[in-house]
Amino acid sequence: MTDIITALLLIIGGIFAFVASVGIVRLPDTLIRMHAATKAGALGSGLIFLGLAFFSQAPGTTLRALAVVFFLLLTAPVAAHLIGRAAYCSRVNLWHKTWIDEFANVCDWCQTGQKSDHDEECRLKEAGGDGQ
Amino acid sequence: MTGMEQSFFLEIATQVTLLLLTLGLCLSFIRLVIGPDPADRIVALDLISVLIVAILGALTVYSGEKAFLDVAIAYALIAFLGTVALARLRERLAKRNDKERGDNS
């Protein structure tokens, strides 16, 4: 029984991790790709370590596997937040169908202290994206 | 792990999982090579490190060697620090570029 649960958790985790890496190749823009990588990747490896925690009979190993799950769930959002912030501040090209960009009109969002430059870019962005 | 004999079913499942994870690693390397922006490469590196941690977990089940679990813990820590450092570097470079452009105009 333990073997079957472990095998199911391992395979489901492997499928999630594989879907994450398919998403990172196929999806159209950096922020959308990040969505696939950080969520599905963390879920996949978390499931694999849950399977390992089920599998091991030594309590120390189970605890360590659960600690890895906890640590992954703790660090994945922080890393995703930092990468997303860096990507947006470096103005990666958004997907052409993206029509909600809530910071497009917030000037000097990255606090570089160059308000005039950003004001101009904001106006350019407003003129370019006619979604709103 | 002593005293743990694997059933045939579990062995096949572990091999399939390792195969899926390895294919995923290859796909992430594609994005690491072709990624148009450095942020894409940072995302790909982050996913690669998460996949390596997952491979270490599956290897622990496959080989029954406990040491891989300790390696996984240490690698997850180091990989998180690396991702944070790369993201902060990218953001700082972007800010510096903005400032230089502002000074020139």
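How are α1(B) and α2(B) oriented relative to each other? In this predicted model, the axes of helix α1 (residues 8-34) of chain B and helix α2(B) cross at roughly 165° and come within 9 Å. Because an angle over 145 degrees counts as roughly antiparallel, α1(B) and α2(B) are roughly antiparallel to each other.

The crossing of α1(B) past α2(B) is left-handed. On the α1(B) side, the residues that make the contact include Leu18(B), Leu21(B), Leu25(B) and Leu32(B), while those on the α2(B) side include Leu45(B), Ile48(B), Leu51(B) and Ile55(B). Sorted by character, the residues of this contact comprise 14 nonpolar, 4 polar and 3 charged.

Helix α2 (residues 38-63) of chain B also meets a helix of the other chain, since the axes of this helix and of helix α3 (residues 59-89) of chain A come within 10 Å and cross at roughly 165°. That angle makes α3(A) roughly antiparallel to α2(B), and α3(A) passes α2(B) in a left-handed crossing. From α3(A), the contact involves Ala79(A), Ile83(A), Ala86(A) and Ala87(A), and from α2(B) it involves Ala39(B), Ile42(B), Val43(B) and Asp46(B). The residues of this contact divide into 7 nonpolar, no polar and 1 charged.

The two helix pairs are set out below.

| Helix pair | Axes come within | Crossing angle |
|---|---|---|
| α1(B) and α2(B) | 9 Å | roughly 165° |
| α3(A) and α2(B) | 10 Å | roughly 165° |

Technical notes:
Residues are numbered from 1 along each chain as its sequence is written. Chains are lettered from A and ligands numbered from 1 in the order in which they are written. This is a predicted model: local features need pLDDT of at least 70, side-chain atom pairs count only at pLDDT 80 or more; totals for chains, interfaces and linings use all residues. Axes are lines fitted to C-alpha atoms, for helices over the stretch in contact, and angles run from 0 to 180 degrees between N-to-C directions. Helices (H or I, at least four residues) and strands (E, at least two) are DSSP runs, numbered from the N terminus. Angles under 35 degrees count as roughly parallel, over 145 as roughly antiparallel, 65 to 115 as roughly perpendicular and the rest as oblique. A crossing is left-handed if the near helix is turned anticlockwise from the far one by less than a right angle, and right-handed if clockwise. Two residues are in contact if their C-beta atoms, placed from the backbone, lie within 7 Å. Ala, Val, Leu, Ile, Met, Phe, Trp, Tyr, Cys and Pro count as nonpolar, Asp, Glu, Lys and Arg as charged, and the others, Gly among them, as polar.
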